[in-house]
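Q: I'd like a close look at the charged side chains here: who they pair with, and what sits around them. Take me through it in one go, and bring in the rings afterwards for context.

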Amino acid sequence: MRLTTVAQMALPEGSLHSFAVRAAPDPSRELPVSFDQGRHVGRGDRSGSWMAVSFRLAQSLDRAALAQAWREAIARHGTLRTVFSFDGSRVRLHEAAVDGGMWREHDAMGGGSSRDALRTLLDAECRPCAAPSYLLAVVVPAPAEPDPRPVVVLASDHAHVDMWSLLILAHEVRTRVEDDGADGASQPGAPADPLPAAAFVDHTRALAAMPEAPAEIIEHWQEILRAGGGGMPAFPLPLGDVSRASPAVVEVRDVLDSGQLARLEERADAHGVRILPLVLSELAQLFRDVANVPLRAVFPVHSRNEPRWRDSVGWYITNAVLDIADPDPSSCAAAVAEAVRLGAHPLAPIFDRIGSAKEPPGMFAISWLDMRRLPLGIDPSLEPQFVSAVLPTDNIMIWFIVAEDGLHLRCRYPDNAVARSTVGAWLDELTARVAAATHGGPGRAAPTA
């Protein structure tokens, strides 16, 4: 499973189509907004705030089957039948009635590439306050392309989905289309799963009803904010001028192949930890060697803490913080457990009490996703990709993806000479150390500048 951007994704040249529905919000049916939705949408209605999943169809395009599969996914997941808006500075959310949709064809060959056309389309339609803020698109390869299989793209503003949600949508759409193909005809009257999934808004209500966080959790958050000067952790190495957002550099690297990953897991087992603490151990040691600082980073954790949320589409991610002073793998494992504990309590009442957490220029975040542990997956032969928008940035974020074929990473950081030099060398050293850890050997000598 590749983690990439719309500017770098693998996409054939061909004709671009979309199946667009329209959503009419009901002013009388207002719904609660989650903490993260409020922060995200509250930044304004803008382009580039979407995320997507893409995959090849196993057979030729059946428009009727694909449209029906998408309609059923919309009907099954409540968040796809809601629309955000602004009332002054307040973010509001309302239930919406969704129509039957229609197919459209877009100019993907007018001097640009399929990627350019797809980016323009998704930037325009998957905005926080669009009605709706999601879209199904298809690229049908041109005759000259070596692989004739169409590529399906399911995209949504982040306010409605996370990566797990995109896998759910891909699984439901793909399964329904394949079932129709196996039967030889589309069956619009036979939904794949007539029961709706648990609605994300019920998760928002459940968080709001939770008791106050324990005193030690609140105190730990206070310590985190004090260490960050009132904000979340920042990258401890030079990034140049990040006083304003600039175009982003996005690097995608293959860190370990499947054999190296297996050896790293054997070494992790010997330490009594998973592979995440072992990778964090190498990263923490690198920061200690280069700058004599601890590893502190924003660390997203999922909040699908009940079985009913496991097949539900929504933004089931909240932010915690990793704080690692000791690179020992067992200490790193304890730090991961503490981060998960921090993220298990609603942030809104905590920050209402201790003050909001600023997101400073140069903020540093680490995301980890082990695809093998998710309940759903996509056959690698369908060339699945997680795709993000391209937008300016003033921070640095690194995503680690573990799949059957190995460990991969994507890193986004500001495009300036200092950041390119610093982050490029840092990634070189990190990947070298993780590779060396697969056989228990020492990493390379740390760079001195």
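A: Let's fix one term before anything else: a residue is buried under 20% relative accessible area, exposed over 50%, and partly exposed in between. Keep in mind too that this is a predicted model.

Arg372 is a handy place to try that out. Its relative accessible area is 30%, so Arg372 falls in the middle band and is partly exposed. Now for its partners. Glu265 makes a salt bridge with Arg372, with 2.8 Å between the closest N and O atoms. Glu265 belongs to helix 7 (residues 258-271), while Arg372 is in the loop between strand 13 (364-370) and strand 14 (385-388), so this pair ties together parts that are 107 residues apart in sequence. Glu265 comes out at 26% relative accessible area, so it is partly exposed as well.

Arg372 also has a salt bridge to Asp370, where the closest N and O atoms are 2.9 Å apart. Asp370 has a relative accessibility of 11%, which is under 20%, so it counts as buried. Elsewhere, Glu30, Asp87, Arg90 and Arg92 are joined into one network by salt bridges that share partners.

Stepping back for a second, the structure has 33 salt bridges. One of them is inside that network: Glu30 and Arg92, whose closest N and O atoms are 2.7 Å apart. Glu30 is in strand 3 (residues 23-31) and Arg92 in strand 6 (residues 90-98), so the bridge ties together parts that are 62 residues apart in sequence. Glu30 is partly exposed at 32% relative accessible area, and Arg92 is partly exposed at 22%.

Strand 6 is also home to His94. His94 is buried, with a relative accessible area of 7%. Beyond residues up to four places away in sequence, His94 touches a good list of residues, among them Pro25, Asp26, Arg29, Arg81, Ser85 and the Glu30 we just met.

So which charged residue is buried yet has no salt bridge? That would be Asp157, whose nearest side chain of opposite charge, Arg46, is 5.8 Å away. A salt bridge needs the side-chain nitrogen within 4 Å of a carboxyl oxygen, so that pair misses the cut-off. Asp157 is part of strand 9 (residues 151-157). Its side chain does have a polar contact with the side chain of Ser49, at 2.4 Å. Once neighbours within four places in sequence are set aside, the residues in contact with Asp157 are His40, Ser49, Trp50, Cys126, Arg127, Pro128 and Ser133.

Charges meet rings here too. Arg410 lies over the face of Trp399, 4.0 Å from the ring centre. Arg63 has its charged end over the ring of Trp103, at 5.3 Å from the centre.

That brings us to rings meeting rings. Searching the whole structure turns up 13 aromatic pairs. Take Trp70 and Tyr134: the ring centres are 5.8 Å apart and the planes are at 80 degrees, so this pair is edge-to-face. Trp70 is in helix 2 (residues 63-76) and Tyr134 in strand 8 (residues 134-141), so the pair ties together parts that are 64 residues apart in sequence. Trp70 and Tyr134 are both buried.

Phe235 and Phe287 make another edge-to-face pair, so classed because their planes are at 75 degrees, with centres 5.9 Å apart. This one links distant parts of the chain, 52 residues apart: Phe235 is in the loop between helix 6 (215-227) and strand 10 (248-257), and Phe287 is in helix 8 (residues 275-291). Phe235 and Phe287 are both buried. They also belong to a cluster, linked by ring pairs, that includes Phe364 and Trp426.

The loop between helix 6 and strand 10 holds Ser246 too. Ser246 counts as buried at 15% relative accessibility, and it touches Pro392, Thr393, Pro414 and Asp415, leaving out residues up to four places away in sequence.

Terms used. Residues are numbered from 1 along each chain as its sequence is written. This is a predicted model: local features need pLDDT of at least 70, side-chain atom pairs count only at pLDDT 80 or more; totals for chains, interfaces and linings use all residues. Side-chain values use heavy atoms; hydrogens and water are left out. Helices (H or I, at least four residues) and strands (E, at least two) are DSSP runs, numbered from the N terminus. Buried means under 20% relative accessible area, exposed over 50%, partly exposed in between (1.4 Å probe, protein chains only). Lys and Arg count as positive and Asp and Glu as negative; His and the chain ends are not counted. A polar contact is a pair of N or O atoms within 3.5 Å; within protein, one must be able to donate a hydrogen and the other to accept it, and residues adjacent in sequence count only if both atoms are side-chain atoms. Contact means heavy atoms within 4.5 Å. Rings of Phe, Tyr and Trp (its six-membered ring) pair if their centres lie within 6.5 Å; planes under 30 degrees apart count as stacked, over 60 as edge-to-face and the rest as tilted. A charge sits over a ring if NZ of Lys or CZ of Arg is within 6 Å of the ring centre and within 35 degrees of the ring normal.
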